[in-house]
Amino acid sequence: MLTKRNILIFLSVLGPGIITANVDNDAGGIATYSVAGAHFGYALLWTLIPITLALVVVQEMVARMGVVTGKSLADLIRESFGVRATFFLMMSLLLADMGNTVAEFAGWAAAMEIFGVSKYISVPIGAFVVWLLVVKGTYRFVEKIFLIACAVYFTYALSAYFVHPPWGQIMLDTVKPSFELKPSYLMMLIGVVGTTIAPWMQFYLQSAVVEKNIKVDHYNASRMDVIVGCIMTDVVAFFIIVACAATLFEHGITITDAKDAALALEPLAGKYASILFAVGLANASLFSASILPLATAYYVCEGMGWESGVSKNFKTAPQFMWLYTGIIAVGALIILIPNAPLIAIMLISQVVNGIMLPFVLIFMLILINNKDIMGEFTNSRTFNVIAWATVVVMVVLTLALVITSFL
Amino acid sequence: MPFFSGDIFVSDVYKKTVLDQTGEEIGKLKDIIVGIGEPFPPVITLVVTAGGETYLLPWHLVNLFNKRVISVNMKIDEISPAQHSPSDILICRDILDKQIVDINGAKLVRVNDLELGDVKGKLCLVAADIGLRGLLRRLHVEKRGERFFSWFNYKLQNKLISWHYVQTIEPKVARLTLKITNQKVSSMHPADLADIISEVSQKERTAIFGSIDVETAAEALHELEPSVQVDIIDDMSKERASDILERMPPDEAADVLGDLPEAKAQELINLMEREEAEDVQELLEHEEDTAGGLMTTEYLAFPPDMTVEEAIKELRLEAPDVETIYYLYIVDSDERIIGVLSLKHLILASAQTLLSDIMITPAKTLSLDAKKKDVAEFISKYNMLAAPVVDENMVMRGIVTVDDVLAFLLPTASRRRKR
């Protein structure tokens, strides 16, 4: 029912789901979609609908756990699977997310270089801004800033609009699956789907739901938040693919990353399309450079049982704030070191993420079906079939991505 | 009787083989059931698993229990599988890895390990290990961790919280709460309590103040910054606030009320008992930084024609209610001050002496509007513990005690807490 009351509840609960899903379109995500559009045109658009569904299925479960238990995912894993599993999971993910943060700062540096700003200026400033935001801000304030960052993603919609693509054909390609048995196509398919679900997302979403203190009564609104977020994310991905497909693919230009895409757009689609594309990349990178360290600080502290939360400070949650600070500082510093092995760092983090994902998702499915923890909110039988199938497919594709990254 | 020695960490015996009296393996130790016991829950049953079956071995049949050997005085064929009841407390399942929160609900750390120890001949759960060493022990790298830290000249210590401080446990608790509440917080010195209270957030403060008794609250409240005092009073129910104010010495209560909005202050005064309310009301009329504002209206006053014996008897009755008993003021029927007598003089004088014969006269007095600085200098100059305050007709109105101006006499840094 779309009553005024329901809308108000939704607005008060909105945040964690939308933010988490949008950060899925981080520097790496934008690069993947840009390359997919530039090299395969509209041929991969159809994957976005199953991707959205898979994302909703997984994220809905963690949001539900957060709302029902009031505990974060790391809390539940430590309490149900013991200290050893938790410790190794946390340490591996800390490593992986550290690497991801480096990738985000690299994306931010690349985007700012399009505007002629040296990375030695943009990276320290960017790092300081996101550090200050979380250290000084309260959860409510920080969430508002993050939601504004989510809105900036729509620069990609404008970017796609400026390139005047053939909308009729695009709509058809979006709903009609196509398939090629070419190795390059399969690798791209794995790349697009395999980046969809990363372990940090489950931890961040559940922690944010818990810190926001969303009650079971408002669970429907919280689920709506997750669904809207997932759809929004893939709509953005859709526009990225379209913008690159209509221009770069048509002219047979090959690219390797998002910065290439932004630069290549200028002669083909005009200055505005290019600038909007770069703004989108800068925003996404910096946004993720804040969320990833935040997610990491959340799960490490929760696993160990230390106080955590954006609204806390160095005095009330010292470990949380120092972890956040440390990850940002190290991530930004690595970018500033000349000739740092960025590719190797990102590769390692992708591998670790891929290996940890099955554990996280399976732990999650065991937890959500535990009546002692979830009460009447366990998965239904049908949903379990869907959830397990999704998890198996995502795990296989993520591991496939790990393997292809070595080819 | 089971034989055990020293303290045993649960992680050291967890999954250890349990043997029967002939040395045959029964299974692995999976959990330990503890009973209800204050303050330390005693071990009552060992939960052992073997090949999917669970066996419950009562503690009184245990023979050896240490990190090398666990054995029972039973034969393996005498034991049959059993289930523990839902109300049992299993320490690995219910306590290990659980979150510990303090009384304010702030997360501290998780239970990394548990320590069992000897309490009056019984093996009891004595402490929760919350330190890094406990964590390493659970990860089976305690020795390596110790060596690693010894390179940095750092000795890895156990960090234990005595079970004393943990709230009674129930099966399947979500989190363990430290009961540094009534029992423990109140046994702290009010000044230390005040230090803790000024560290925590306002919400947590209200929770602490809600949990301690009125006397302690009254003493702790006085130690806090005026702005913090106002916040706390604002958050409390009016009835509780007025109860706490009543228990405070009138001058301190007046200080707190003076910082509140006038309407709120008046409302609280009206809820106080009449006698206390009048005292506070009077004090509120004086400027805060003058002798009138600093003074307390509780002091010992005696007529000049009383004997020492009567005075001592009277003193015994009144002493509990006054802030300082070291000076006795001698006043006439109109309450005008005519002399002063120290407790020492009183005790040393013979029983039948009249107070007027041993009092020191004239008494050194302060006027109601004397500035704080002058009050401090006055007290310091005459080496007094308290100075009487009089109005223009020499009628005694109260005393200023040395602790009211002590902060003023000290260097700036050390008086931050006391305004």
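User: What order do S15, S16 and S17 of chain B take in their open sheet?
Analyst: In this predicted model, the three strands line up as S15-S16-S17 in chain B, and their pairing is mixed.

User: Which strands are at the edges there?
Analyst: Strand S15 (301–302) and strand S17 (337–342) of chain B are the edge strands, and each pairs on one side only.

User: How many bridges join S16(B) to S17(B)?
Analyst: Five bridges do, and strand S16 (residues 327–331) runs antiparallel to S17(B). As an example of a matched pair, B:Leu328 has B:Leu341 in S17(B) as its bridge partner.

User: What actually holds strands of a sheet together?
Analyst: Strands of a sheet pair through backbone hydrogen bonds, and they can do that in a parallel or antiparallel way.

User: OK, now the sheet with S18, S19 and S20 of chain B. What's the pairing like?
Analyst: It's mixed, in an open sheet of three strands with the order S18-S19-S20.

User: Why is one side of S18(B) and of S20(B) left without a neighbour in the sheet?
Analyst: Strand S18 (366–367) and strand S20 (396–401) of chain B stand at the edges with a single partner strand each, so one side of each has no neighbour in the sheet.

User: Do S18(B) and S19(B) run parallel or antiparallel?
Analyst: Parallel: two bridges join S18(B) to strand S19 (residues 386–390) of chain B. Across that pairing, B:Ser367 sits opposite B:Val390 of S19(B).

User: Switching to the start of chain B. What does S4(B) pair with over six bridges in the antiparallel sense?
Analyst: One partner is strand S5 (residues 53–58) of chain B, where B:Glu53 is the bridge partner of B:Ala50. Strand S3 (residues 25–34) of chain B is also joined to strand S4 (residues 43–50) by six bridges, again running antiparallel. In that pairing, B:Asp31 stands opposite B:Val47 in S4(B).

User: And how many residues lie between the strands in the hairpin of S4(B) and S5(B)?
Analyst: Two, and in this hairpin B:Gly51 takes a positive phi near 50°.

User: Last topic, the contact between the chains. How many residues does each chain put in?
Analyst: Chain B puts in 13 residues and chain A puts in 12 residues. On the chain B side, strand S9 (99–101), strand S10 (107–110) and helix H3 (132–138) each supply at least two residues.

User: Which one gives the most to that side of chain B?
Analyst: S10(B) does, with three residues.

User: And what classes of residue are on the side of chain B that touches chain A?
Analyst: There are five nonpolar, two polar and six charged residues on that side.

Technical notes. Residues numbered from 1 in each chain as written. Chains lettered and ligands numbered in written order. Predicted model: local features only at pLDDT ≥ 70, side-chain atom pairs only at ≥ 80, totals over all residues. Pairing = 2+ DSSP bridges. Helix = DSSP H or I, 4+ residues; strand = E, 2+ residues; numbered from the N terminus. Contact = placed C-beta atoms within 7 Å. Nonpolar A, V, L, I, M, F, W, Y, C, P; charged D, E, K, R; others polar.
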